[in-house]
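Please walk through this structure with me, one chain at a time, and then look at the place where the chains touch.

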Amino acid sequence: MTALLEVEDLRVAYGKIEAVKGISFSVEAGQVVALIGTNGAGKTTTLRTLSGLIKPTSGKITFDGQSLSSIPAHKVVSLGLAHSPEGRHIFPRLSIEENLQLGAFLRKDKDGIEQDIQKAYDLFPILGERRKQAAGTLSGGEQQMLAMGRALMSRPKLLMLDEPSMGLSPIMMQKIMETIATLKSEGMTILLIEQNAQAALSLADYGYVLEVGTMKLSGTGRDLLVNDDVRKTYLGEE
Amino acid sequence: MHELPQQLANGLALGALYGLIAIGYTMVYGIVQLINFAHGEIFMIGGFGALTTYTALPSGTSLLVAIPLMIVGGAIASVAVATAAERFAYRPLRNAPRLAPLITAIGLSIALQQLVWQFYPDAKKAVSFPEIPGEAFEITSNLSIQRSDAFVLILAPLCMLALGLFVSKSRSGRAMQATAQDPDTAKLMGINTDRIIVMAFAIGAAFAAVAAVAYGVDKGQINFEMGFILGLKAFTAAVLGGIGNIYGAMVGGVVLGIAESLSIAYIEDIPGMQQLGGGAWSNVWAFVLLILVLLVRPQGLLGERVADRA
């Protein structure tokens, strides 16, 4: 069986600087896969390339049996690939509900969209309470919830989350991780970038460690958690 | 002060005209952060498109029929030129340093003026434009409204209302707001941002065509240079109101129009300022107002700073 997402020898450059230097990885349907690595490792670049926001210099991306190489960014979501970007990037002057509706921009089933908005409010009750409020007035954690809820609104086959816990309080971070666990238990396929390697690897079925644009290590989440290199570099243990 | 209501009405009509043109600056700026300095010429092209339509109509066509057709014809011309400019002049420079599209806009502005001057029949001087016949409406003893002023005073609010509904209620309008606030993320939602940008140029151009017809029926003539100073004033109105904000464009236009009208009427009555009043100085006072407002509110009257916690 082929994986839902298959990345082969992907290279991405900003001008002359190569940020991703030939990485390969895959995500099977139903898995949570974590990409970990320090700042500048190329994690966000990889996700933005998958979404079509950056064009790769070479390499193959196959999603759900289809090549993504020549698909413009605005068509990627219709294939079932949703991206919750780093820094959340909610639409600050639109309301929470309007943000969620934009997540379903390409869907035509009004009733289904209504139901999914309700599901997002069930998942994150605070969003339901503030549905008419401008999204820019939400706290960081609430914005993160909105960004995740918005990404789910396209009913994706694969959900990509870029640093969902960045800059959040420990309580909020835990809440977000619990939500990812809930989504996993519901069968959602997730590609997760996390600076909190401990939390990410505990959740992940499989993990990849990126270092300055190259794939350094990979293994099951459990194996990586006990790997000496990973423990030293990413879990802050001697 | 007996003529104050009249001055306010004149200012309002002038301001509505500025506002209609200012929409084009503000929408394009709001989405691609480009000051489209060729927008004054888009307005001028709208006028010539309308005039061409009028010339093509059988003589004796009632203005009630002709004017709507002229607006349509003017809009077709202005939208065609504006979207072509976007596609061929601005889009290739989307990721270039900001100065490049700005210089392109200025070049395009000159080129469009010269093209009309060179190729439109008799356009080397002002060409006559149909006027709305009939007496002014006498509202009170000290207030009468010219028919051409009534025309713009009715059309401008209607256009604004339609635009406001479109932006806030329609799917494309929502996509437009999303693109203005965060273009990359808008793409992640499945929004074709290139199409939204074309739409912003087109709406601005159509509004400019409405303004051009309003201008033509008021002055009874149009010329290839008319977009320069009016474009500059409308740009001032957009900045005054808060560039990027569509309601700000209208508010800025009205404030500017009324200020100009009052400066023409009253500044010369202020002791010691006789030399600085009248029509000759109205542009000066318009820009003085702009500077004063920007000193106090750099973001413009309705420009806002929403807390974007990142």
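What follows is a guided reading of the model shown above.

This is a predicted model, in which local features need pLDDT of at least 70 and side-chain atom pairs count only at pLDDT 80 or more, while totals for chains, interfaces and linings use all residues. Residues are numbered from 1 along each chain as its sequence is written, and chains are lettered from A and ligands numbered from 1 in the order in which they are written.

In chain A, an open sheet of 6 strands follows the order S6-S7-S8-S3-S9-S10 with mixed pairing, where strands are DSSP runs of E with at least two residues, helices are runs of H or I with at least four, both numbered from the N terminus, and two strands pair if DSSP finds at least two bridges between them. Strand S6 (81-84) and strand S10 (214-220) of chain A stand at the edges with a single partner strand each, so one side of each has no neighbour in the sheet. On average, neighbouring strands of this sheet are turned by 15 degrees against each other, direction ignored. Within the sheet, strand S7 (residues 158-162) and strand S8 (residues 189-193) of chain A run parallel and are joined by 5 bridges; Asp162(A) has Ile193(A) in S8(A) as its bridge partner.

Helices also lie against this sheet. Helix H1 (residues 43-50) of chain A packs on the sheet and touches strand S3 (32-36), S6, S7, S8 and strand S9 (206-211) of chain A, its direction making about 145 degrees with that of S7(A); such angles run from 0 to 180 degrees between N-to-C directions, with axes as lines fitted to C-alpha atoms, for helices over the stretch in contact. Helix H6 (residues 140-152) of chain A packs on the sheet as well, touching S6 and S7 of chain A, and its direction makes about 170 degrees with that of S6(A).

Turning to chain B, the unreviewed UniProt entry annotates as "transmembrane region" several spans, including residues 12-32 and 150-167, although such annotations, with positions in the numbering used here and feature names shortened, may be inferred rather than shown by experiment. Residues 12-32 of chain B are 100% helix and 0% strand, with end C-alpha atoms 30 Å apart. Residues 150-167 of chain B are likewise 100% helix and 0% strand, and there the end C-alpha atoms are 26 Å apart.

Finally, the chains meet in a contact that takes 20 residues from chain B and 24 residues from chain A, two residues being in contact if their C-beta atoms, placed from the backbone, lie within 7 Å. On the side of chain B that touches chain A, helix H6 (171-181) and helix H7 (183-188) of chain B are the elements that give two or more residues, and H6(B) gives the most, with 5 residues.
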